[in-house]
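Colleague: Could you take a close look at one part of this model for me? Pick a single residue and work outwards from there.

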Amino acid sequence: MLWSALRLPAPDDTASPTDAALQALAIWALQFTPRVAVADEAVVMELAASVRLFGGWHALRERVVSDAAELVVSQVAWAPNSLAALALARAGVQDGFRQPLNGLLDALPMDTLSAVRPHRLTLAHIGCRTLGDVRRLPRGGVGRRFDKQLLAALDKAYGRAPEVHRWIALPERFAQRLELMFRVDDATALLFGARRLLLALCGWLAARHSGTTAFTLHWAHDAMRAKSAGEGGSLTVRTAEPTRHLEHLCRLLGEHLARVELLAPVGDLQLVADEVMPLEEKSASWLPDDNAGGETLPLVLERIAARLGPQRVVRPVLCEDHRPEWMCRWQPAPEPLPRKPAMGSELPQPGFILSAPLKLLVRANRPYYQGELQLLAGPQRVEGGWWDRDEAAGQIRNVVRDYWVAQSAHAGVLWVFQTRLDESPAWFLHGVYA
């Protein structure tokens with residue numbers, strides 16, 4: 001398990017962060033994982049399932065720490081469970097994985113665990129100073145003298161008992177408010193506070209897999225203002241296409257604010273997402289177009305081909321052919337790519353094609369592959385190749401097939417076909433859907 005605790009600074013030594021501030025931080029954290037909860041004055045999130053998505057633990061940690069710093073998060077800690085992460089955050093310890101968890105927690109002050117705080121005076125009178133001192137007390141005596149929450153919290157923090165959380169739900173609408181630390185009378189200076197709101201907006205959009213095409217920044221004038229100034233103002237920013245790119249949104253807002261003149265000092269901001277649209281996610285290539293040096297993939301292939309020889313570096317090229325076996329050919333990488341063929345298919349194409357079709361068992365005219373196949377969609381007729389002669393094999397590569405999408409109880413969704421010109425039509429497995 002990989003838990004992170006994000007602790008907000010309190011307004012003063014005797015107060016805790018407001019519920020609105022914790023809720024705003026929790027909504028921002030939903031972009032990293034759906035398992036986000038509020039615990040006392042902090043937000044905790046479970047990130048084990050998100051490590052690979054964000055490029056590894058170190059990349060995820062840097063992303064969380066850097067973005068959280070802009071949201072004025074005072075401490076960020078990492079541990080195998082949420083209570084341990086919260087205790088470490090309160091003590092100012094970031095990494096709960098650098099040494100065994102028991103040793104780290106044993107050295108922490110007692111008040112780093114919320115369940116210990118009501119009893120810290122009594123525990124101090126019997127010589128306890130750290131969580132390790134409390135943990136080493138006889139369990140029977142602790143259970144009789146103190147409440148059950150104390151032993152339960154110790155067991156959860158040290159990983160001996162499971163935790164239960166109430167996860168934060170992603171709101172359908174984004175509208176967040178921010179009280180500025182000082183009164184602002186220059187519109188361009190509003191961007192400093194608005195950036196925090198935009199960062200929270202981008203986190204909310206990422207959790208929804210969406211982008212915004214319009215958002216509105218509202219500001220409220222200070223109470224000590226002229227009557228003619230009004231209560232406040234607003235500014236709506238629109239984009240040509242859905243986006244959640246923070247720097248782009250900040251630049252757009254800054255350009256609009258440069259043309260605004262405030263009628264009175266501003267002490268309060270609110271950001272509202274007016275138009276939200278699904279954002280089409282683009283899958284990254286296994287061979288990215290840009291490497292670390294900024295050289296594009298075609299240039300890299302040309303340079304390797306010049307070094308090794310043009311016939312030793314090849315790339316796949318689609319052909320205008322409906323026969324799956326000959327739908328793709330390989331050509332030397334330096335050669336220019338032909339025009340992309342305009343090809344369509346009635347059925348969805350499988351992600352994996354067998355190198356040679358596998359003949360299937362047929363019972364009562366029904367094909368079998370790890371159980372009887374249920375035909376879901378089809379047929380799609382593929383017929384052609386009477387002109388295509390394989391000189392090496394001395395035969396014509398003519399195919400006449402009816403393709404179907406089939407369901408196997410154990411093998412999943414398959415791509416099968418039935419031959420038509422043979423005296424005894426047969427069924428073959430040709431592809432598997434991912």
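Modeller: Let's start with the contacts of E241: setting aside neighbours within four places in sequence, E241 touches T212 and T213. Bear in mind that this is a predicted model. E241 sits in strand 7, which covers residues 232–243. Is E241 buried or exposed? With a relative accessibility of 57%, E241 counts as exposed, because the cut-off for that label is over 50%. There's also a link further along the chain: L279 is 38 residues away from E241 in sequence, yet the two C-alpha atoms are separated by 9.2 Å.

Now for the helices. Helix 9 spans residues 190–208 and helix 10 spans residues 246–257; the pair packs at an angle of about 145°, and their axes are 10 Å apart. The crossing of helix 9 past helix 10 is right-handed. On the helix 9 side, the contact is made by L190, L191, A194, R195, L198, L199 and C202. Helix 10 answers with L246, E247, L249, C250, L253, G254 and L257. Sorted by character, the residues of this contact come out as eleven nonpolar, one polar and two charged.

Over to an open sheet, then. Four strands make it up, in the order 2-3-1-4, and the pairing is antiparallel. Strand 2 (36–39) and strand 4 (75–79) are the edges, each pairing on one side only. From one strand to the next, the twist averages 20°. Inside the sheet, strand 1 (residues 3–7) and strand 3 (residues 42–46) run antiparallel and are joined by five bridges. One pairing you can pick out by eye is A5, whose bridge partner in strand 3 is V44. Helix 1, residues 19–29, lies across strand 1, strand 2 and strand 3, and runs at about 20° to strand 3.

Zooming out, the protein has eleven helices and 19 strands. Its radius of gyration is 32 Å, whereas a compact globule of 434 residues would come in near 22 Å. Along the principal axes, the C-alpha atoms fill a box of roughly 95 × 70 × 50 Å. Of the 434 residues, 41% count as buried. As for contacts with a separation of 6 or more, 57% are between residues 24 or more positions apart.

Technical notes
Residues numbered from 1 in each chain as written. Predicted model: local features only at pLDDT ≥ 70, side-chain atom pairs only at ≥ 80, totals over all residues. Heavy atoms only, no water. Axes fitted to C-alpha atoms, helices over the stretch in contact; angles between N-to-C directions. Helix = DSSP H or I, 4+ residues; strand = E, 2+ residues; numbered from the N terminus. Left-handed = near helix turned anticlockwise from the far one by under 90°. Contact = heavy atoms within 4.5 Å. Nonpolar A, V, L, I, M, F, W, Y, C, P; charged D, E, K, R; others polar. Pairing = 2+ DSSP bridges. Rg over C-alpha atoms; globule rule 2.2 N^0.38 Å. Buried < 20%, exposed > 50% of the residue type's maximum accessible area, 1.4 Å probe, protein only.
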